[in-house]
Number of protein chains: 2
Amino acid sequence: MKTAEKILLTALELFNSNGESGVTSVDIALELDISPGNLYYHFKGKEIIVSALFEMYRERMESILNSREAGDINIQDFFYYLLLILQQSHLFRFLYRSPSDIAEKYPEVSRGFQKLMKTKEDTLRRLFVYFVDEGVLEIADNKRESIITLVGLVFTQAPSYYLLKGDNINDERYINDSLKMVLFTLQPYFVASETNDALMLDIDDWLNDKGES
Amino acid sequence: MKTAEKILLTALELFNSNGESGVTSVDIALELDISPGNLYYHFKGKEIIVSALFEMYRERMESILNSREAGDINIQDFFYYLLLILQQSHLFRFLYRSPSDIAEKYPEVSRGFQKLMKTKEDTLRRLFVYFVDEGVLEIADNKRESIITLVGLVFTQAPSYYLLKGDNINDERYINDSLKMVLFTLQPYFVASETNDALMLDIDDWLNDKGES
């Protein structure tokens with residue numbers, strides 16, 4: 001692995017464990033056992049590292065968000081698609097830990113983040129319209145935006161809530177817990193509630209299968 | 001107003017605007033136009049100020065949470081009660097901005113916070129059981145805990161979500177927006193959905209009335 005790549009992955013790990021504000025460039029160099037000068041040769045300061053990590057996150061997210069056109073997706077695909085997004089967000093979870101700090105220190109990253117949030121909501125909107133047309137979901141037009149907000153909120157903030165309650169959200173099981181909360185949020189809007197109840201019961205098996213494949 | 005009280009209120013305002021990590025004891029003294037020595041005479045460091053503010057928040061919250069016994073509350077009272085809690089959380093919103101930072105720097109505050117979250121969830125649980133018994137809500141036993149988590153999540157994390165999207169959450173209208181999202185979350189579980197639809201439509205009027213009274 002190249003030094004630049006090693007620096008990014010080590011920084012990501014440290015940011016996730018200690019928060020962005022709790023980690024300096026020197027900490028990253030120490031952890032890698034390289035000189036601060038060598039680190040500086042690759043990245044001119046922590047700001048550049050944070051920007052590069054956000055760029056990695058953004059590229060992965062956009063590639064997932066653009067991978068599926070509505071019209072070619074069933075509800076199980078949809079859940080799998082949400083799982084892929086949650087996995088990436090877990091990997092880059094330091095970005096969600098203190099959004100206000102990030103916004104203040106890195107206005108560029110913050111603007112990119114806002115755009116990404118908008119893309120997420122646009123994608124949900126497109127998929128919900130499609131699933132309503134297909135008769136899978138039943139969502140009145142005047143409720144659509146509230147449901148998008150609600151799902152978006154659960155989608156991005158569930159780990160922070162577990163954190164407030166004192167849980168250690170570094171554990172990967174919080175990916176599945178977040179996904180289950182999203183499914184639970186959508187449950188009242190499914191047309192075939194029996195199918196959906198069965199789906200909720202099966203979700204653990206389903207998540208285990210996906211984990212193994 | 002006594003100096004100690006002035007210090008707390010000024011600190012609260014600065015923490016809410018700039019985040020706890022973006023404010024030093026010296027900043028607070030400067031803002032108040034007193035010497036750092038005078039501030040130190042009242043509070044021996046920022047940690048004591050943060051703890052004192054958390055204590056204020058905790059006392060106010062517990063007084064609200066304990067003010068109502070189930071058995072003496074209707075659904076409109078319940079919404080008003082949620083509004084009171086949201087108002088206090090808005091006032092002390094810096095505590096919710098970077099929970100992971102707070103947890104790391106102030107383990108004592110973090111433990112108090114976790115207890116408070118538990119009290120909130122316990123109160124919701126008691127009220128939901130009551131409203132189900134009264135025939136106002138319809139919640140299957142196996143869904144109760146998920147609904148409590150979902151409502152708790154919306155209740156505490158809605159402002160952070162608006163923040164992620166780039167909104168300025170210092171505006172008090174976010175209190176009402178958060179309350180509306182909680183009501184929306186509960187909507188599918190109301191027995192009389194027509195009553196509830198009417199209630200959602202009236203909620204703006206209702207919030208305006210409460211604001212004036």
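1. B:Ile49 touches B:Ile7, B:Leu8, B:Ala11, B:Phe15, B:Ile28, B:Leu39 and B:Phe43, with residues up to four places away in sequence not counted; contact here means heavy atoms within 4.5 Å. B:Ile49 is also among the residues with the most contacts inside the largest nonpolar core. That core has 135 residues, and the others named with the most contacts are A:Ile49, A:Phe78, A:Phe128, B:Ile28, B:Phe78 and B:Phe128. A nonpolar core is a set of buried Ala, Val, Leu, Ile, Met, Phe, Trp, Tyr and Cys residues joined through side-chain atoms within 4.5 Å. Buried means under 20% relative accessible area, exposed over 50% and partly exposed in between, with a 1.4 Å probe and protein chains only.

2. The basis of these remarks is a predicted model, in which local features need pLDDT of at least 70 and side-chain atom pairs count only at pLDDT 80 or more, while totals for chains, interfaces and linings use all residues. Residues are numbered from 1 along each chain as its sequence is written, chains are lettered from A and ligands numbered from 1 in the order in which they are written, and side-chain values use heavy atoms, with hydrogens and water left out.

3. The relation between the two chains can be stated briefly. A turn of 180° and a shift of 0.0 Å along the axis lay chain B on chain A with an RMSD of 0.0 Å. The two copies are thus related as by a two-fold rotation axis. The superposition is by least squares on the C-alpha atoms of residues with pLDDT of at least 70 in both copies. Within chain B, the residue that comes closest to the rotation axis is B:Ser98, at 2.4 Å (C-alpha). The same surface serves both copies, since 100% of the contact residues of chain B recur in chain A.

4. In chain A, helix H5 (residues 75–91) and helix H8 (residues 107–133) pack at an angle of about 170°, with their axes 12 Å apart. The two helices are therefore roughly antiparallel to each other. To this contact H5(A) contributes A:Ile75, A:Phe78, A:Tyr81, A:Ile85 and A:Ser89, and H8(A) contributes A:Lys120, A:Thr123, A:Leu124, A:Leu127, A:Phe128 and A:Phe131. Axes are lines fitted to C-alpha atoms, for helices over the stretch in contact, and angles run from 0 to 180 degrees between N-to-C directions. Angles under 35 degrees count as roughly parallel, over 145 as roughly antiparallel, 65 to 115 as roughly perpendicular and the rest as oblique. Helices (H or I, at least four residues) and strands (E, at least two) are DSSP runs, numbered from the N terminus.

5. Over all chains, the structure holds 22 salt bridges, a salt bridge being a side-chain nitrogen of Lys or Arg within 4 Å of a carboxyl oxygen of Asp or Glu. B:Glu20 takes part in a salt bridge with B:Lys46 (3.1 Å, N to O). B:Glu20 lies in the loop between helix H1 (3–18) and helix H2 (25–32) of chain B and B:Lys46 in helix H4 (residues 46–65), so the pair ties together parts that are 26 residues apart in sequence. B:Glu20 is buried at 5% relative accessibility, and B:Lys46 is buried at 18%.

6. B:Glu20 also forms a salt bridge with B:Lys105, with the closest N and O atoms 3.0 Å apart. Because B:Lys105 lies in helix H7 (residues 99–105) of chain B and B:Glu20 in the loop between H1 and H2, this pair ties together parts that are 85 residues apart in sequence. B:Lys105 is partly exposed, at 38% relative accessibility.

7. Chain A offers a pair within one helix: A:Glu55 and A:Arg58 form a salt bridge, their closest N and O atoms being 2.5 Å apart. Both residues lie in helix H4 (residues 46–65) of chain A, three residues apart, about one turn of the helix. A:Glu55 is partly exposed at 31% relative accessibility, as is A:Arg58 at 23%. Elsewhere in chain A, a network of salt bridges links A:Lys118, A:Asp122, A:Arg125 and A:Glu145.

8. Two buried residues of chain A deserve mention. A:Val23, in the loop between helix H1 (3–18) and helix H2 (25–32), has a relative accessible area of 1% and is buried. Beyond four places in sequence, A:Val23 touches A:Leu14, A:Phe15, A:Asn18, A:Ile28 and A:Lys46. A:Thr10, in helix H1, is buried at 14% relative accessibility. Leaving aside neighbours within four places in sequence, A:Thr10 is in contact with A:Ile28, A:Glu31 and A:Leu32.
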